[in-house]
Each structure stands twice: as structure tokens, then as C-alpha cells.
Amino acid sequence: MTDPLSREDIESGSGVKEEVREPRKFKVLLHNDDYTTMEFVVQVLMTVFHKNEAEATKIMLAVHNNGMGVCGVFTAEVAETKVVMVRQMARKAGYPLKSTMEEE
């Protein structure tokens, strides 16, 4: 059994080793397709990622011209949630818009 920490160790912090790490970050990506409208992509970016119209248009054009675009960088849980939200929104509207995440 380990020795219990003394009150002095606890108060000074000398008996406790803490290592704080930044959480891993993930990029959320949108992928181009031949069916999803540019207007819908802008709407998704404004709704799910809280982009203003100018930012959303810029990302949408990157998706259109480059085949994919980065919507934002988030912790794993937030990125996963946003990917699911995009997919649900697209399916509900009848579009095959693809959203993925990859480690930054």
C-alpha cells in the first residue's frame, strides 16, 4: 500500500504530480459531390459551424474547387457531433453531402 500524503504535501502540491495535456484536435471536412447545391452547403456551414455568410461562402468554394474544405477544428467529441449533424441535415434535405473528420 502506498504512503498517504501528508497535509503539508497536499497543500504545497509537492506530493501530487499533475500532467495536463491538450486534447487532440480534429478537422471537420466537407467533401464535394455533384448533387448538393452550393446554397445548401452555405446553409450547413452557417447552421452547424456558426459561420457568417462570407466565411461560409469561402469554405463552400474551397469544397467546390478543391474537392473538400475544412469547416473547423474541434476536440474529438465535438467533431464527431458536427459530422453527425451535417449528415443528418443533408439526408433530411435529400442530399448526399459527405462530412468526415481527421486528426489535425
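Begin by selecting E19 and R21, whose side chains meet in a salt bridge with 3.0 Å from N to O. Keep in mind throughout the tour that the model on the screen is a predicted one. Side chains of opposite charge can pair when their charged atoms come close. In this first pair E19 counts as exposed, at 61% relative accessibility, and R21 counts as exposed as well, at 67%.

**The other salt bridges**

A search of the whole structure finds three salt bridges, and two stops remain on this part of the tour. Select E103 together with R24, where the side chains meet in a salt bridge of 3.5 Å, N to O. Because E103 lies in strand β3 (residues 98-103) and R24 in the loop between α1 (7-12) and β1, this pair ties together parts of the chain that are 79 residues apart in sequence. E103 is partly exposed, with a relative accessibility of 44%, whereas R24 is exposed, at 55%.

Next select K27 and E102, which form a salt bridge at 3.2 Å, again taken from N to O. This pair, too, links distant parts of the chain, for K27 belongs to strand β1 and E102 to strand β3, 75 residues apart. Both residues are partly exposed, K27 with 22% relative accessibility and E102 with 36%.

**The whole chain**

Now switch to a cartoon view and follow the chain from the N terminus, along which the elements run α-β-α-α-β-α-β, giving four helices and three strands. Of the 104 residues of the chain, 31% count as buried. Among the contacts with a separation of 6 or more, 72% come from residues 24 or more positions apart.

**The sheet**

Select the three strands, which form an open sheet in the order β2-β1-β3 with antiparallel pairing. Since β2 and β3 stand at the edges and have a single partner strand each, one side of each is left without a neighbour in the sheet. Neighbouring strands are turned by 25° against each other on average, if direction is ignored.

Look next at β1 and β2, which run antiparallel and are joined by seven bridges; here F26 stands opposite F74 in β2. Add helix α3 to the selection, and you will find that α3 packs on the sheet, where this helix touches β1 and β2 and its direction makes about 125° with that of β2. Then add helix α4, which also packs on the sheet and touches β1, β2 and β3, with a direction at about 165° to that of β3.

**Helix α2 and what surrounds it**

Which residues are buried in helix α2? Select residues 38-48 and colour F40, V41, V42, V44, L45 and V48, which are the buried ones. These buried residues pack against β1 (25-31), α3 (53-66), β2 (68-75) and α4 (76-93). Just beyond the helix, select H50, which follows α2 and has a positive phi, near 55°.

**The nonpolar core**

The largest nonpolar core has 23 residues, and those with the most contacts inside it are L30, V44, L45, F49, V86 and L97. The elements that give two or more residues to this core are β1, α2, α3, β2 and α4. Select L97 and show what surrounds it: leaving aside neighbours within four places in sequence, L97 is in contact with ten residues of which V44, V86 and L30 are examples, alongside others including F40, V41 and A90.

**A buried lysine**

For the last stop, select K82 in helix α4. Where is the nearest side chain of opposite charge to K82? That side chain is E55, 12 Å away, and K82 is buried yet has no salt bridge. Leaving aside neighbours within four places in sequence, K82 is in contact with V48, F49, H50 and F74, and you have already met F74 as the residue that stands opposite F26.

Finish by selecting E55 itself, which is found in helix α3 and is partly exposed, with a relative accessible area of 39%. From E55 you can look across to L45, ten residues away along the chain, where the C-alpha atoms of the two residues are separated by 8.5 Å.

Definitions and conventions
Residues numbered from 1 in each chain as written. Predicted model: local features only at pLDDT ≥ 70, side-chain atom pairs only at ≥ 80, totals over all residues. Heavy atoms only, no water. Buried < 20%, exposed > 50% of the residue type's maximum accessible area, 1.4 Å probe, protein only. Contact = heavy atoms within 4.5 Å. Salt bridge = Lys/Arg side-chain N within 4 Å of Asp/Glu carboxyl O. Pairing = 2+ DSSP bridges. Axes fitted to C-alpha atoms, helices over the stretch in contact; angles between N-to-C directions. Lys, Arg positive; Asp, Glu negative; His and termini not counted. Core = buried A, V, L, I, M, F, W, Y, C linked by side-chain atoms within 4.5 Å.
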